[in-house]
Each structure stands twice: as structure tokens, then as C-alpha cells.
Amino acid sequence: MTEADSGAPPPEEGHLFAGYETDPVFYDEMFDTGGSPWDHCRELWAALGETPPDALATMQERAERSFLHEGITFSVYGEEGAQERIIPIDIVPRIVAAEHWDFLERGLRQRLEALNLFLADIYGPGRAIADGVSPADLVRGCPQLRDAMQGVDVPHGAYVSVCGTDLVRTHDGFLVLEDNLRVPSGVSYMLANRAAVKTSLRDAFRRHRVRGIEHYGRLLRRTLAELSPHGGPDPTIVLMTPGVYNSAFYEHMFLAREMGVELVQGADLVARDGFVYMRTTGGLRRVDVIYRRIDDDFLDPLTFRPDSVLGTPGLFDAYRLGNVTIANAPGTGVADDKSVYAYVPDIIRYFLNEEPLLANVETRLCRDPDGLEYTLDNLDKLVVKEVGGSGGYGMLVGPHATAAERADFAEKIRAAPENYISQPTLDLSRAPCLTEDGAAPRHVDLRPFVLRGKETRMVPGAFCRVALTPGSLVVNSSQGGGGKDLWVLSG
Amino acid sequence: MLSRSALGLYWIGRYLERAQHSCRLIADQLETMKDRPVDEIDKSWRRLYGGLRRVPAGGELSSNLGDEGFMLVDAFTLTDDLTFDAGNPDSIRGCLANARENARQVRNVVDEDLWACLNLAFFDLRDLGITDIWRDRPGDFYRRTEDAVRTFFGIAGSNMYRDDGWHFLQLGRFVERAQLISALLEAQLAVYPAGGPTANQAVDQAADPDWLSLLRICAAREAYGRLHSLHYDPAAVVDFLVADPLLSRSIRYALGQVGQALDAVSAGRPLIAEAGRRAGRLAAAIDYDWPNRDPADEEAIRATLRGIGESCRRLHDDIDAAYFSYGPEDGEVGEDGP
């Protein structure tokens with residue numbers, strides 16, 4: 001730490017935080033700009049300081065070994081085919097104060113409410129486009145738009161019933177980085193990280209009065225049950241997975257188990273006479289709600305991609321007839337498109353008549369000539385993303401790229417400007433992470449999950465991702481990021 | 001239960017039974033190699049490979065009986081083939097990898113403790129090779145691996161809810177066992193004709209090691225000893241392993257378990273599936289027809305064993321058709337139930 005005169009005694013040699021350096025540019029999740037722990041982090045800071053660093057390292061190893069043994073893994077593609085890997089955990093939790101969380105939660109609920117109304121409008125009357133809230137050609141030309149959804153009745157207007165919003169924090173507060181409205185993943189790592197850290201740091205956990213998140217599975221099940229087409233009690237819910245080769249398969253399995261529902265693949269389902277059944281050892285059994293973790297394109301080869309072997313022929317017809325619910329609804333990707341993102345604040349104002357609580361990152365669309373010019377002129381300062389990309393693939397972090405990489409990327413942008421947006425490189429907040437040389441700051445983001453059935457629900461927690469490479473801003477699991485437990489404190 | 005989940009559990013049962021059986025066979029073979037003459041070791045390998053219906057890499061077992069050194073090199077290669085060889089899906093590692101992969105795919109219906117047991121068992125041998133276990137007491141490796149399988153079934157027995165998942169795990173395990181034991185008995189009679197010089201041996205002769213080891217492989221030596229004193233009469237040994245309803249590795253016992261599991265999973269269905277009928281007929285044939293065989297007519301006994309083996313293999317197809325791979329149009333719409 002640079003300054004130690006504001007309350008905290010200077011840490012001694014060998015102390016976990018002895019070499020920790022805050023940087024005024026970045027908000028630090030544990031320390032104020034003077035280098036003192038925030039009040040809401042004090043217990044944890046003290047507890048960590050009293051724990052020998054090698055004991056912390058042992059806890060971390062133990063947690064990661066238990067992930068491997070319990071199979072809490074995801075698959076990475078490339079190198080030598082698919083490999084099972086764990087998401088490395090950093091044992092030092094990130095704390096969010098009660099009042100910060102309350103604000104965040106209100107902002108997330110507001111945002112999802114507006115996005116669901118926007119989707120209902122796109123696939124319904126089309127008022128927003130007619131009124132010029134977002135450009136018509138942007139929405140109509142979006143590859144994620146699903147014409148088949150026009151006029152489909154969606155229970156409770158919950159097009160998006162599971163949303164995983166990526167947020168970052170700067171000195172200006174929380175910013176929404178992207179809305180993941182299709183099949184967001186990561187909630188199982190949120191729960192796995194909590195289980196591991198709660199065991200390791202139980203005293204600090206108790207003293208901080210951390211709010212529980214373990215009921216996520218129950219909330220999800222309740223949310224899905226509310227979407228049942230017949231409204232009867234105890235609908236049959238299934239979780240639909242592309243299968244064991246999907247990178248998030250562990251999570252699919254985990255959630256199916258948490259909810260006590262069957263984990264099905266396309267071939268396990270049969271659509272017959274407008275209803276959907278699953279093939280059980282006791283014959284065909286009717287299915288009411290499908291929580292699908294498979295992309296739109298692969299749901300039903302008769303409606304979407306004809307070459308898909310992962311889906312169930314006839315599934316969409318049964319959905320359109322109102323005999324089964326698919327959650328999230330097909331076609332939600334039009335609202336989390338990175339170009340549409342730029343218009344979300346206006347969408348909130350239009351549908352809710354409220355000012356957005358959570359800010360967007362300033363975004364320039366390369367489809368606009370001004371945006372393109374600005375982007376190409378400032379590539380060394382910007383982050384450029386593909387509008388349909390995800391998982392940290394297909395993006396350029398200008399300041400960290402070489403001149404040659406930037407030149408290559410500029411070519412790609414010029415070739416298809418409508419495929420790209422640019423944003424300023426953000427001063428992502430940092431949180432202390434355990435390294436071989438004691439605690440060191442690393443950039444973090446967070447992905448909370450919002451559920452929407454008849455009503456909106458959330459657990460007070462998030463999958464907190466951390467860029468384990470010093471200085472790196474890329475937190476994606478597929479790009480070498482790790483996870484942290486996130487503690488939301490009781491008020 | 002979802003058909004695919006049931007299928008996964010069924011295969012976990014089969015692969016683990018197969019792994020355990022191989023462990024027992026190899027552990028016994030390693031014992032045999034300690035103190036037996038080369039030609040007997042060679043016969044024992046023939047029984048082992050015949051019982052697994054496997055042809056060693058290279059086409060057939062070598063018969064270089066004059067060369068003891070060669071024999072040992074051979075043992076190294078054969079043991080590797082049965083334990084680790086990547087080209088042998090039924091190797092012990094292959095079986096554990098397959099069991100684990102099945103468990104991974106249907107993990108939402110596999111108890112946490114069960115998964116952890118299987119996952120650890122797999123990681124314990126995933127990176128091993130024959131040289132790692134060969135130098136120092138290789139038998140320990142097979143005992144340890146068999147222990148892991150036994151632990152798995154022990155946890156299953158104590159933790160699992162007795163719904164279809166449990167019954168399909170049992171079904172896989174005992175369908176596999178019935179097949180393995182019938183194949184082993186066929187191989188035994190092919191390599192060691194029962195009417196040979198060891199038949200009707202006197203009690204004071206040294207026990208015939210080939211029949212003793214067969215009992216040992218089937219964990220049946222002690223029970224046999226209590227019933228038949230220590231007279232290892234081939235006909236009595238075969239009878240014990242085919243027809244004794246109380247011996248856990250007899251064909252009859254395995255069929256009984258298959259029948260029970262099939263009854264449980266068909267409960268409430270209007271028709272008993274072909275699998276149930278076949279298992280019942282086979283059990284009845286062993287109970288009522290087998291005792292009437294002519295112990296001297298070895299050819300007839302071998303034919304009977306072949307028939308039993310064939311029926312056990314058909315059981316699998318019946319089960320598959322009834323519960324796993326029925327077409328979308330064949331499926332009757334079931335009652336709402338678990």
C-alpha cells in the first residue's frame with residue numbers, strides 16, 4: 001500500500017497485504033484511495049491478515065482439488081480437442097456493501113423489466129421501432145431476430161426468464177457491460193465458489209453477516225413453474241442441454257439436480273400431436289416447461305437450423321400452440337445484441353417512463369459512419385467487440401494489442417463495420433487476489449442472475465470473474481479468467 | 001425415469017462389473033504365475049482370454065512353452081492389454097473411463113458420493129501404465145481397483161433411492177455378470193475338459209489348481225468348501241457356478257437379480273417386456289432342466305452353457321428395445337408418475 005496513515009497500521013514484512021499497491025485510477029474493492037480497508041471489508045481484511053499466507057494457499061489448493069474431484073469443470077475447445085478444466089478460484093472474496101447491492105438490484109430489475117417489454121413489442125405491435133426508439137433496420141437486420149416468434153403468446157411476458165448481466169465497477173459506480181439474455185451461464189460457479197469459501201473462511205463469513213444464495217435452485221424452479229402453459233400445480237419441468245460436450249454441461253447437470261428435474265437432450269424429447277413428451281422407462285411423459293440451455297438455432301430443426309441434430313423436431317410448433325413453454329423464449333438475442341445495447345437506456349425511458357438506474361458503457365456503433373471513423377482513429381484506446389460475439393472471442397483490447405494486431409482488426413472492421421461496436425477501455429475495478437507474493441490487485445467484474453416468471457426474483461450474489469493475469473482486463477473463463485466468491489452483506 | 005438416464009446407469013453397472021471381473025481374473029493369473037509350470041500358465045491365459053471373448057493383439061496367444069523368459073515378457077504384454085491398452089475398450093482402464101463417462105452424462109441422477117468414488121477411482125489409474133504397476137507387487141493394483149468398484153456398489157447400496165435408477169444399475173451389473181460367468185465357464189470347459197485326468201480325484205490328492213482357481217475367481221471357494229468339503233469335482237464346481245441360487249456369482253443368482261430388477265421397473269405396465277420373459281425362462285431352465293443333464297455328456301453341457309450365454313446376450317437387446325431405444329411412435333403415453 002502506498003499510504004498507511006489513514007487508520008490502518010502499516011503491514012509488516014511477510015504480511016499478506018505488505019506488497020499490495022492500490023492505484024488511484026482503479027476503484028479497489030477492498031481499500032479506499034488512502035489504502036485503508038473500506039468499513040464493510042474490515043472483518044475480512046483482519047481475518048485474512050491473521051491467517052498465514054501458506055494456510056490461505058492450502059485452502060485455495062484444497063478448493064481447486066475439490067472442484068476437480070467433484071467434476072466442477074467446463075470444457076475448453078482448441079488445443080487437443082475438448083478438455084475438462086476447472087475454473088480457478090481465488091479464495092479471497094469480494095464484498096459488496098448492502099446499500100450498493102440494493103441499488104444494483106433495483107437497477108437490474110428495472111433493466112430486465114424494460115427488456116422484456118421491448119421483446120414483447122418487437123414480436124408484437126412494434127411500437128418502439130415505429131416511434132424510433134431503436135433504428136428499425138438495426139432490429140430487423142439483427143441475426144438474432146426470430147421471425148417465427150411473431151405473435152407467439154409468452155406466459156407473463158417473460159421472454160427472458162433467466163438473465164445474467166455483466167457489470168463492472170469504476171470510480172463512477174456500476175456499469176452494465178452486456179446483457180446476456182439467451183442462455184447465460186455461470187450460476188453454478190457462483191454456488192460452488194460460495195461453498196468452497198464458506199468452508200475456508202467461516203469466521204469472517206459469519207461475522208460479516210453474508211446473505212445466502214443457496215436457494216437459487218428453488219427460486220429457479222418456482223420461476224419456471226410459473227411459466228407452465230396450463231397453470232396447474234406441479235408442472236413437469238425439464239432442463240434441455242446440448243449434451244456432455246457443451247462447455248457448461250456441469251452447470252446443466254448441477255441445476256437439474258438442484259431443481260430435481262430431468263436433464264434432457266433433444267433426442268430424449270418427442271413432439272407428437274402438438275405436445276412434447278420425454279422418453280422415460282415408463283413410456284412417454286408430457287413435458288410442460290423446458291428450461292433450455294441450447295441456442296435458438298438448435299432447438300428445432302423444422303423451424304430453425306435444419307441441419308441441427310441436437311434439437312427436437314416439432315418442438316416449436318408445440319410451443320406456438322401454447323402446449324409447452326420454452327425458457328428463455330427463442331429470439332431474445334435481439335435484445336442483447338451489442339448494437340441494440342447502445343439503445344437500452346432509451347428503451348428503459350420509453351417503456352417504463354423512468355430514468356435508467358444503471359449506466360451503460362459509452363458505445364459507438366461502427367455501422368454509423370461517425371462511429372466507424374472514431375473507432376478506426378482511436379483503436380489504441382478502445383475495446384472493439386463483434387456484435388454477435390460472446391465469451392471473449394472476437395474482441396480487441398486496443399491498449400493491450402500490438403500495432404500489427406490492431407491493423408489486422410481494422411481490416412476486419414472496414415470489411416464489415418455493422419459487425420462491430422467500440423467502447424472506451426474501462427478502468428475496471430480491482431480486488432485483492434492471492435498470489436505467490438502475497439495479495440495483489442486483479443481486475444474483476446460480476447454477473448448477477450435475475451429471474452422472471454410471474455414476478456422478478458434474485459439471490460443476493462453473483463458469479464464474480466477475475467482476470468488472473470496481472471493487468472489483464474479479460475475475465476472470461478474461456479480466456480484464462482478465474483472466479484471469486486462475492487459476499488453481499490446484510491443491511 | 002428418463003430412458004437415457006436409465007441407460008447410463010445400466011452401463012455404469014455393466015462396465016464396473018466388467019472391470020471388477022477383470023481385476024479378479026488378472027489377480028488370480030498373477031498368483032498362478034508365481035509357482036506353476038509354464039504349460040499350466042499358458043492354459044490359464046487361454047481360459048482368461050477365452051472367458052473375456054478376446055483375442056490378444058497379434059492374433060493369438062503364443063505357445064512358446066520352452067522359453068520361460070519369453071513367457072514373462074508375454075505376461076507383461078497381456079496384462080497391459082487387459083489393463084491399460086488404449087486399443088482395448090474393455091481394458092480395466094477403458095471400463096472405468098466408460099463408467100465414469102456414463103456417470104458424467106447422467107450425473108444429475110448419480111448420487112454425489114457415488115460420483116466422487118468413481119471419479120477418484122478413474123483419476124487414480126488414468127495416468128498409470130503397466131510399468132508403473134509391474135515392478136512392485138502388481139497384485140496390489142488389482143486389489144485396490146477392485147476395492148474401488150466394491151466401494152462404489154457399497155455406496156450405491158447404502159445411499160440410493162430404490163427407484164428405477166437403482167434397478168437399472170442392478171440390471172446392468174447382473175446382466176453383465178450372467179454373461180461373464182457363462183463365458184468363463186465355457187472357456188474353462190474348453191481348456192480343461194472335465195472328463196480329463198482330474199475327474200473323480202481322490203480327496204487326498206492335491207487339489208486341482210485349475211478348478212480351485214475358477215472358484216477363487218468367482219469368490220466361491222469358501223462356500224464350495226462348506227458344501228462339498230474340499231473335493232474339487234469339476235462337475236460339482238460347474239453345477240455350483242451355474243445353478244446355486246445363493247452364490248452371488250452364479251448364473252442363476254445373477255438371473256434372479258435381473259428378474260427382480262425387471263419386475264420392479266415394469267411394475268404398473270400392462271405387459272411384461274420380452275426381457276422379463278426371457279430372464280424367467282432362463283432361470284426356470286436352470287432350476288428344472290439343468291439338474292437332469294447327463295454329467296458325462298460334456299458336449300451337451302457345453303452346448304447348454306453356450307445357449308445360456310447366448311440368451312444372456314439377447315437379454316441386453318430385449319432391455320434396450322423395451323426401455324431405452326423405443327421409437328417415438330412406439331412409446332405409449334405413460335401415467336404421470338415418478
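In this predicted model, 43% of the 338 residues of chain B count as buried. What is chain B built from? The count comes to 14 helices and 0 strands, so to speak an α-only list when the elements are read off from the N terminus. The contacts within chain B also reach a good way along the sequence: among those with a separation of 6 or more, 74% are between residues 24 or more positions apart.

Chain B also touches chain A. Here, 24 residues of chain B are in contact with 23 residues of chain A. On the chain B side, the elements that give two or more residues are helix H1 (3–35), helix H4 (92–105) and helix H5 (112–126). Of these, H5(B) gives the most, with 4 residues. Sorted by class, this side of chain B is a mix, with 10 nonpolar residues, 7 polar ones and 7 charged ones.

Now for the strands of chain A. In general, strands of a sheet pair through backbone hydrogen bonds, and the pairing can be either parallel or antiparallel. One example in chain A is the pair made by strand E5 (residues 166–170) and strand E6 (residues 173–178), which run in the antiparallel sense and share 5 bridges. Getting from E5(A) to E6(A) takes a hairpin of 2 residues. To spot the pairing in the structure, look for A:Val168, which stands opposite A:Leu175 in E6(A).

Further along chain A there is an open sheet of 4 strands, with the order E15-E18-E16-E17 and antiparallel pairing. Which strands sit at the edges of this sheet? They are strand E15 (364–365) and strand E17 (395–397) of chain A, and each of them pairs on one side only. Between those edges, strand E16 (residues 382–386) and strand E18 (residues 420–424) of chain A pair in the antiparallel sense over 5 bridges. One of the residue pairs to look for here is A:Glu386 with A:Tyr420, its bridge partner in E18(A).

A helix goes with this sheet as well. Helix H13 (residues 403–415) of chain A lies across E16, E17 and E18 of chain A. Relative to the edge strand E17(A), helix H13 of chain A runs at about 140°.

Put side by side, the two chains give two pictures to look for: chain B with its 14 helices and 0 strands, and, in chain A, an open sheet of 4 strands with helix H13 lying across E16, E17 and E18.

Note on methods. Residues numbered from 1 in each chain as written. Chains lettered and ligands numbered in written order. Predicted model: local features only at pLDDT ≥ 70, side-chain atom pairs only at ≥ 80, totals over all residues. Buried ≥ 20, exposed ≤ 12 C-beta atoms within 10 Å, placed from the backbone. Contact = placed C-beta atoms within 7 Å. Nonpolar A, V, L, I, M, F, W, Y, C, P; charged D, E, K, R; others polar. Pairing = 2+ DSSP bridges. Axes fitted to C-alpha atoms, helices over the stretch in contact; angles between N-to-C directions.
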